[in-house]
Amino acid sequence: MSDDAANDEIFVTQDGSHSITASRFGVSYHSKYGAITESRHVFIQAGLYPLLLNTPAKISILEMGFGTGLNALLTYHETANRQVEVYYEAIEEFPISIPAAQSLNYPQLIDENDATLNTAFVQMHNMPWEQEIALAPHFNLQKRLGNLEELQFEPRFDLIYFDAFAPSAQPELWTAAIMQKMYDSLKPGGVLVTYCAKGEFKRTLKSVGFIVERMPGPPGKREMTKAIKERA
């Protein structure tokens, strides 16, 4: 945990779910219009659901910005009753504190009748870094602690959740070099989804080879972005 994490503040978004203001960057982890609503729209509905339509036996997901663990928990929940095994790798340079994670209300709001969600969510935050852990028979998680610019990846992923802080807060994570790294980490036909829809960012995606699709954004945003790596 970074020293700044102790000063992060939890607040309630418009759909009742929590988010956190990151004091280091002066921005929040999620939209004020609804943390769960935003994550479901951008990452689950636009990214995970289309992937699951092909009923794959196994899928690999890379998340840039583990943050509060919301995207990982939603993915865990959505795949729990499907015939699919998930490998989920998440990158985080500045983890939130364990007390903050324990205060977040995601498990109850996602499904108050599923007691396994809280157990999985606690384990997600308490588990060691740099180790692949089976949270359930269908879901393996590995958290990697470090700077995305210095990490390397194999082209093994079907889907990328690119959920870094906005370009205004972390411009170094939205460069052509990083997007090339994301492109190279995807299998042919793989997809990257993100809430960001800035024109400069979309031009960057195209410059490294992605096919870019504009999609309707979550509440409070007109658009989001889906980027596809062409099949060989």
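1. Accessible areas here come from the Shrake-Rupley method with a 1.4 Å probe, and on that footing the accessible surface of the protein comes to about 10600 Å², of which 47% belongs to carbon and sulfur atoms. The reader should keep in mind from the outset that this is a predicted model.

2. On overall form, the protein has 232 residues and a radius of gyration of 16 Å, which agrees with the value near 17 Å that a compact globule would have. Along the principal axes, its C-alpha atoms fill a box of roughly 45 × 40 × 35 Å. Buried residues account for 56% of the 232 residues, and, among contacts between residues at least 6 apart in sequence, 66% join residues at least 24 apart. The secondary structure comes to seven helices and eleven strands.

3. Towards the start of the chain, three strands form an open sheet in the order β1-β2-β3, with antiparallel pairing. Its edge strands, β1 (9-12) and β3 (27-28), each pair on one side only. Between β1 and β2 (residues 18-22), which run antiparallel, there are four bridges, and glutamate 9 stands opposite threonine 21 in β2.

4. Strand β4 (residues 58-64) has six of its seven residues buried, so this strand is largely enclosed by the rest of the structure. Seven bridges join β4 to strand β5 (residues 85-92), and these two strands run parallel; within the pair, glutamate 63 stands opposite alanine 90 in β5.

5. The largest nonpolar core has 75 residues, and those with the most contacts inside it are Tyr88, Tyr106, Met124, Tyr161, Phe162, Met182 and Phe210. Helix α1 (residues 35-52) gives the most to this core, with nine residues. For tyrosine 88, once its neighbours within four places in sequence are left aside, the residues in contact include Ile61, Glu63, Phe139, Leu141 and Tyr161. Asn71, Ala72 and Thr75 are also among the contacts of tyrosine 88, and these three belong to the buried residues of helix α2.

6. Helix α2 (residues 70-79) is itself mostly covered, with ten of its ten residues buried. Polar and charged names therefore deserve a look when the list is read, since under 20% relative accessible area is what counts as buried: the buried residues of α2 include Asn71, His77 and Glu78 as well as Leu70, Leu73 and Leu74.

7. Helix α7 (residues 199-207) has Phe201, Lys202, Thr204 and Leu205 buried. Seen down the axis of α7, these buried residues fall within an arc of 155°, so they line one face of the helix. The face turned away from the buried side carries the exposed residues Glu200, Arg203, Lys206 and Ser207. The buried residues of α7 pack against α6 (176-185), β9 (186-194), β10 (211-216) and β11 (223-228), and just after the helix, glycine 209 takes a positive phi of about 115°.

8. A last point concerns asparagine 126, whose place is in helix α5 (residues 115-126). At 45% relative accessibility, asparagine 126 counts as partly exposed, because that class lies between under 20% for buried and over 50% for exposed. Asparagine 126 and alanine 101 are 25 residues apart in sequence, while in space their C-alpha atoms are 9.4 Å apart.

How values were computed: Residues numbered from 1 in each chain as written. Predicted model: local features only at pLDDT ≥ 70, side-chain atom pairs only at ≥ 80, totals over all residues. Heavy atoms only, no water. Pairing = 2+ DSSP bridges. Buried < 20%, exposed > 50% of the residue type's maximum accessible area, 1.4 Å probe, protein only. Arc of directions from axis to C-beta. Contact = heavy atoms within 4.5 Å. Rg over C-alpha atoms; globule rule 2.2 N^0.38 Å. Core = buried A, V, L, I, M, F, W, Y, C linked by side-chain atoms within 4.5 Å.
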